[in-house]
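Hello,

Here is the structure I promised to pass on to you. Please have it open while you read, and my notes on it follow just below.

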Amino acid sequence: MAGVLQRFEQRLEGVVTNAFARAFRSAVQPVEIAAALQREVDNSAHILSRDRRLVPNDFTVELSPADHERLTPFGGTLIEELSTLVEDHVREQRYTLTGPVTIAFVESADLGTGRFRVRSKTNATVTSADARAAVASARRSNVSVEVNGQTHSVPLDGLVIGRGTDVDLKVEDPGISRRHAEITVHRNGGDTTVTIVDLGSTNGVVLNGHRVQTGVVGDGSEVRLGNTVLIVRIDEKR
């Protein structure tokens, strides 16, 4: 850990001026944030198997108004260096990430100068199959799923979700099977019935807090596959 932090400080010294040090003389120090990010990674590690531990890749650093104001001129440089530090730490500890590392600074009025908090979550990279895109557009239903801030339409002939290359919606989550689950849409006149089916996954399908083999999904239903949460949306007006 010391080696990663030392490299971080050396890189930071090479890209900022003395103004940076003066700005942070009585405020939160960048190296403190760096150390806190490493602790957050270690403390949030989730064991997947004997040789694999999943760690978060999306971090929010909450700062006092004064510290946030001081950070603003250096935010881009500092975030880039902190991201490199997290990636180095993950690589050295042989952790598993589900997507790229992202770090954001936000202002929090309840914090005093020099105080900060780090929050984290795991956001898997999600991609739709290119070959399926045209079909999905032509046969799009009134159903969609939200995953990590992205919305994906569910075609009338269903949406297969998994980690493999032959699925409609690929989620880079090690807790998800290659062909994990399928969302199907049934139309009967003006009514829409949406179901989710477990395709024999290892970790199962959790619908609104309950593990199911097959379940009826409503608007706003929460589906957990591995470490990833999907929100189902049904537009009854369409």
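A good place to start is a meeting of two helices: Pro30, Ile33, Ala34, Leu37, Gln38, Val41 and Asp42 in α3 touch Leu78, Leu82, Leu85, Val86, His89 and Val90 in α5. Sorted by class, this contact is made of ten nonpolar, two polar and one charged residues. Helix α5 covers residues 75–93, and its axis and that of α3 are 10 Å apart, at an angle of about 35°. The crossing of α3 and α5 is right-handed. Please keep in mind that this is a predicted model.

Helix α3 itself is worth a closer look. Its 14 residues, 30–43, should span 20 Å at 1.5 Å a residue, and the C-alpha atoms at its ends are indeed 20 Å apart, so the two values agree. Buried in α3 are Pro30, Ile33, Ala34, Ala35, Ala36, Leu37, Gln38, Glu40 and Val41.

Now for the chain as a whole. Six helices and 17 strands are found in it, and buried residues account for 44% of its 238 residues. Taking contacts between residues at least 6 apart in sequence, 60% join residues at least 24 apart.

Next, the strands. Strands of a sheet pair through backbone hydrogen bonds, in either a parallel or an antiparallel way. One open sheet here has six strands in the order β6-β10-β9-β11-β12-β15, and its pairing is mixed. At its edges stand β6 (126–128) and β15 (214–217); each has a single partner strand, so one side of each has no neighbour in the sheet. From one strand to the next, the twist averages 20°.

Within that sheet, β11 (residues 181–188) and β12 (residues 191–198) run antiparallel and are joined by eight bridges. As an example, Asn188 is opposite Asp191 in β12. Val185 also belongs to β11. Is Val185 buried or exposed? Its relative accessibility is 10%, so Val185 counts as buried, the cut-off being under 20%. Beyond its neighbours within four places in sequence, Val185 contacts Ser141, Val143, Val154, Pro155, Leu156, Thr192 and Thr193. The C-alpha atoms of Val185 and Asp157 are 7.0 Å apart, although 28 residues separate the two along the chain.

Another residue to click on is His152, in strand β8 (residues 150–155). His152 has a relative accessible area of 9% and is buried. Which residues does His152 touch, not counting those up to four places away in sequence? They are Val126, Ser128, Ser144, Val145, Val147 and Leu169.

Last comes strand β16 (residues 222–225). In a regular strand the side chains alternate between the two faces of the sheet. In β16, Val223 and Leu225 form the covered face, while Glu222 and Arg224 form the uncovered one. Strand β16 pairs with β13 (residues 205–207) over three bridges in the antiparallel sense, and Leu207 has Val223 as its bridge partner in β16. Strand β16 is also joined to β17 (residues 228–234) by four bridges, again antiparallel. There, the bridge partner of Arg224 is Val229. Two residues lie between the strands in the hairpin of β16 and β17, where Gly226 takes a positive phi near 60°.

Enjoy exploring it, and write back with any questions.

Best wishes

Note on methods
Residues numbered from 1 in each chain as written. Predicted model: local features only at pLDDT ≥ 70, side-chain atom pairs only at ≥ 80, totals over all residues. Heavy atoms only, no water. Buried < 20%, exposed > 50% of the residue type's maximum accessible area, 1.4 Å probe, protein only. Contact = heavy atoms within 4.5 Å. Expected span 1.5 Å × (residues − 1). Pairing = 2+ DSSP bridges. Axes fitted to C-alpha atoms, helices over the stretch in contact; angles between N-to-C directions. Left-handed = near helix turned anticlockwise from the far one by under 90°. Nonpolar A, V, L, I, M, F, W, Y, C, P; charged D, E, K, R; others polar.
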